[in-house]
Amino acid sequence: MACNSDGVEAGFAKLQGEDFEYYMQTYSIVLGRNSKKSPAVDVDLSTLGGGLKSISRHHARIFYDFRRRRFALEVLGKNGCSVEGVLHLPGNPPVKLDSQDLLQIGDKEFYFLLPVRSILGGPIGPRSHVGRTTPSYDEGGGDYVLGSAKKMRRGGDGQDMMVEARSRDREADNHQLLLLEEKDMVSSVATVLSDLCGPGEWMPMEKLHAELAEHCSNVWHHSRVRRYLTSEDYPGPQSNRKPWYGLLMLLRKYPEHFVINTRTEGRVTQEFVCLVSLLA
């Protein structure tokens, strides 16, 4: 598990049950039960009392939807998953997840938590469900808080202001995730260029795209592949026959690292990229 500077475990999000906690260190995790016949899952709920018969090997996936800038749950198992008491079945669209949503897979219940900040300078009180005790969760200096935000939505003006502020915090957290992804992309591209290009050499965007597709498409999350190695998110003539168009737009945001050179011959336009450090 990753730790912050104070030695506290941290992640993009956290799953909190009565007897377990799991920090999301990646943009996508699979929940289910481990089996010799299928790849290992990130969270084996069968070992946590979730029940063998009711949990599929790959039962659900929690992932960050970069396009919509939010976390979501995709149901894979035939018995479905409950989010805030609502049953969702496989084949349904992914379910948007809010911080403090109560999830149930098989017999196992747990909360989905995002890093949040209290604008009142103190911890937010625990959210309660009838007949269930929920652990308060800001111990050890952690930044994850299990509180009563959803109840506050029905409160007075002061509580509404608190919900609005926490919503802004959530948007800021989502923006931070996108920045982290961009920085990782910049690092990946810089590595490829420094390995394959000498001083003053330019690489065609088509070749850069091919290198990244060959070495990274099976490693990256599918949303990242779609964003930077396809043109699905960029409809229009400017991206026609240029699956690297999203990658090109990203590199242009970082002129301190990359120089883009465009050459046109007849109706054909080609883009080339070079590291600034290789031109110096």
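Here are a few friendly notes on this predicted model, taken strand by strand, then helix, cores and cysteines.

1. A good place to start is strand β13, which covers residues 108–113. This strand is mostly covered, with 5 of its 6 residues buried.

2. Strand β13 has a partner in β3, residues 13–17. The two run antiparallel and are joined by 4 bridges. If you want a pair to find on screen, look for K14, which stands opposite L113 of β13.

3. Strand β12, residues 101–105, also pairs with β13. Here too the sense is antiparallel, and the pairing extends over 5 bridges. D101 has F112 in β13 as its bridge partner. Together β12 and β13 make a hairpin, with 2 residues between the strands. One to check in the turn is G106, whose phi is positive at about 60 degrees.

4. F112 turns up again in the largest nonpolar core, which holds 29 residues. Along with L15, L31, I62 and F71, F112 touches the most other members of that core. Taking L15 as an example, and leaving out residues up to four places away in sequence, its contacts include I29, L31, V43 and I62. L15 also touches F110, Y111 and F112, and those three positions fall in the 108–113 range of β13. F20, E21 and Y22 complete the list of residues that L15 touches. There is a second, separate core of 24 residues, and V192, L212, W220 and L275 are among them.

5. L212 also belongs to helix α3, where it is one of the buried residues. The helix takes in residues 205–216, 12 residues in total. From first C-alpha to last it reaches 16 Å, close to the 16 Å expected at 1.5 Å a residue. Besides L212, the buried residues of α3 are M205, L208, H209, E211 and C216. Viewed down the axis of α3, the buried residues fall within an arc of 160 degrees, so they line one face of the helix. E206 and E214 lie on the other side of α3 and are exposed.

6. Finally, the cysteines. How many disulfides does a search of the whole structure find? The search finds 0. C197 is in no disulfide, and the nearest cysteine sulfur, which belongs to C274, is 6.6 Å away. C197 counts as buried, at 10% relative accessibility. C216, in helix α3, is buried as well, with a relative accessible area of 16%.

Terms used
Residues numbered from 1 in each chain as written. Predicted model: local features only at pLDDT ≥ 70, side-chain atom pairs only at ≥ 80, totals over all residues. Heavy atoms only, no water. Buried < 20%, exposed > 50% of the residue type's maximum accessible area, 1.4 Å probe, protein only. Pairing = 2+ DSSP bridges. Expected span 1.5 Å × (residues − 1). Arc of directions from axis to C-beta. Core = buried A, V, L, I, M, F, W, Y, C linked by side-chain atoms within 4.5 Å. Contact = heavy atoms within 4.5 Å. Disulfide = S-S within 2.5 Å.
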